[in-house]
Amino acid sequence: MIVKTDADRVGMRNASRVVKEALCAAQNFIKPGVTTLEIDAVVEETIRKMGAIPSSKGFQGYPNASCISVNDVVVHGIPSLTLVKEGDIVSVDITALLNGYQGDAARTFAVGKCAEADLKLIDAAEKAFFAAMEYAVAGKRIGDISSAVEMYCTVHGYGVVRALTGHGIGHKMHEPPDVPNFGRKNTGPELKNGLCIAVEPMITRGTWKVYIDKDNWTVRTADGSNAAHYENTVIVTDGEPEILTL
Ligand code: MF3
Ligand code: CO
Ligand code: CO
């Protein structure tokens with residue numbers, strides 16, 4: 001959506017606030033021995049308590065309020081009775097609908113003491129997002145964001161997943177334009193003042209290649225390397241982008 005009124009701006013902010021709270025609740029809950037289904041329950045409860053709807057649930061048949069992706073799972077991990085253990089990295093991706101507006105964000109959390117290389121991976125996903133924010137300005141183009149993510153990750157030796165992209169967001173979870181994490185500067189749609197996008201680097205310690213599990217959702221790295229995901233909902237402006245889910 002392109003935010004045109006104060007009502008739109010406030011609507012997007014409020015939906016994003018729900019997502020932020022739910023991520024925070026998940027982060028506080030995650031520890032060795034909890035199941036990903038229990039994490040999801042905390043997420044769903046937080047969203048509903050705030051009067052919002054977990055819009056992932058039922059989206060194209062997806063069964064839960066959050067996507068919880070452990071270690072080599074990149075995204076779309078389905079919550080289950082799997083126990084989270086010390087040393088795991090756990091990505092939590094949440095979409096919430098409030099008053100007709102969607103917010104979408106993801107973080108990767110370290111469980112207890114993790115490998116240094118995994119902590120660096122998590123940090124790189126966040127840094128790649130902020131590298132992209134330098135280009136999230138009205139008048140620039142989607143390809144500027146894409147190339148900034150790709151450049152940051154490849155220079156630092158990470159694989160950038162190509163099978164999935166960021167996206168426009170607004171009244172719907174996924175709206176045009178796609179926001180790929182790879183591409184060339186000066187290409188793609190122009191960024192307009194007020195455009196709402198979800199920018200979401202998905203990166204691996206190995207290559208960009210992924211496959212989808214038998215469950216038809218779980219996206220895993222082809223080489224078994226660990227992956228991280230960092231996503232925020234953003235409003236493009238003529239100046240600094242407004243990052244709603246921070
Ligand atoms: N939140 C995801 C995204 O960033 C979409 C999840 S859809 C679901 O685009 F159905 F898998 F939940
Ligand atoms: Co998401
Ligand atoms: Co998204």
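In this predicted model, a polar side-chain atom of histidine 167 lies 3.1 Å from an oxygen atom of ligand 1. Histidine 174 makes a similar approach: one of its polar side-chain atoms is 2.7 Å from an oxygen atom of the ligand. Threonine 95 faces a nitrogen atom of ligand 1 instead, with a polar side-chain atom at 3.1 Å. The protein covers 96% of the 340 Å² of accessible area that ligand 1 has on its own. In total, 14 residues surround ligand 1. The closest are Asp93, Asp104, His174, Glu200 and Glu231.

Histidine 167 belongs to a strand pairing. Strand E7 (residues 166-168) runs antiparallel to strand E8 (residues 175-179), and three bridges join them. Histidine 167 stands opposite aspartate 178 in E8. Six residues separate the two strands, which form a hairpin.

Histidine 167 also serves a metal. Its NE2 atom coordinates the cobalt ion (ligand 3), together with Asp104 (OD), Glu200 (OE) and Glu231 (OE). These contacts span 2.0 to 2.2 Å. The donor residues follow the spacing D-x62-H-x32-E-x30-E in sequence. The site has six donor atoms, with angles of 51 to 169° among them, and is irregular. Six octahedral donors would ideally give angles of 90 or 180 degrees.

A second metal, the cobalt ion (ligand 2), has Asp93, Asp104 and Glu231 among its protein donors. Asp93 contributes two OD entries, Asp104 one OD and Glu231 one OE. Their distances from the ion run from 2.0 to 2.5 Å. Along the chain, the donors are spaced D-x10-D-x126-E. This site is irregular as well, with angles of 56 to 172° among six donor atoms.

The pair of donors aspartate 93 and glutamate 231 links distant parts of the chain. Aspartate 93 sits in strand E4 (residues 89-98), and glutamate 231 in the loop between E13 and E14, 138 residues apart. Both aspartate 93 and glutamate 231 are buried.

The two metal sites meet at aspartate 104. The cobalt ion (ligand 3) and the cobalt ion (ligand 2) are 3.2 Å apart, and aspartate 104 coordinates both. Aspartate 104 lies in strand E5 (residues 101-110), while glutamate 231 lies in the loop between strand E13 (227-229) and strand E14 (232-235), so this pair ties together parts that are 127 residues apart in sequence. Aspartate 104 is buried, as is glutamate 231.

Notes: Residues numbered from 1 in each chain as written. Chains lettered and ligands numbered in written order. Predicted model: local features only at pLDDT ≥ 70, side-chain atom pairs only at ≥ 80, totals over all residues. Heavy atoms only, no water. Donors = N, O, S within 2.8 Å, 3.2 Å for Na, K, Ca; no water. Tetrahedral: all angles 85-135°; square planar, octahedral: opposite > 155°, others 65-115°. Helix = DSSP H or I, 4+ residues; strand = E, 2+ residues; numbered from the N terminus. Buried < 20%, exposed > 50% of the residue type's maximum accessible area, 1.4 Å probe, protein only. Near = heavy atom within 4 Å. Polar contact = N/O pair within 3.5 Å; in protein donor to acceptor, adjacent residues only side chain to side chain. Areas by Shrake-Rupley, 256 points an atom, 1.4 Å probe, with all protein chains shown as cover. Pairing = 2+ DSSP bridges.
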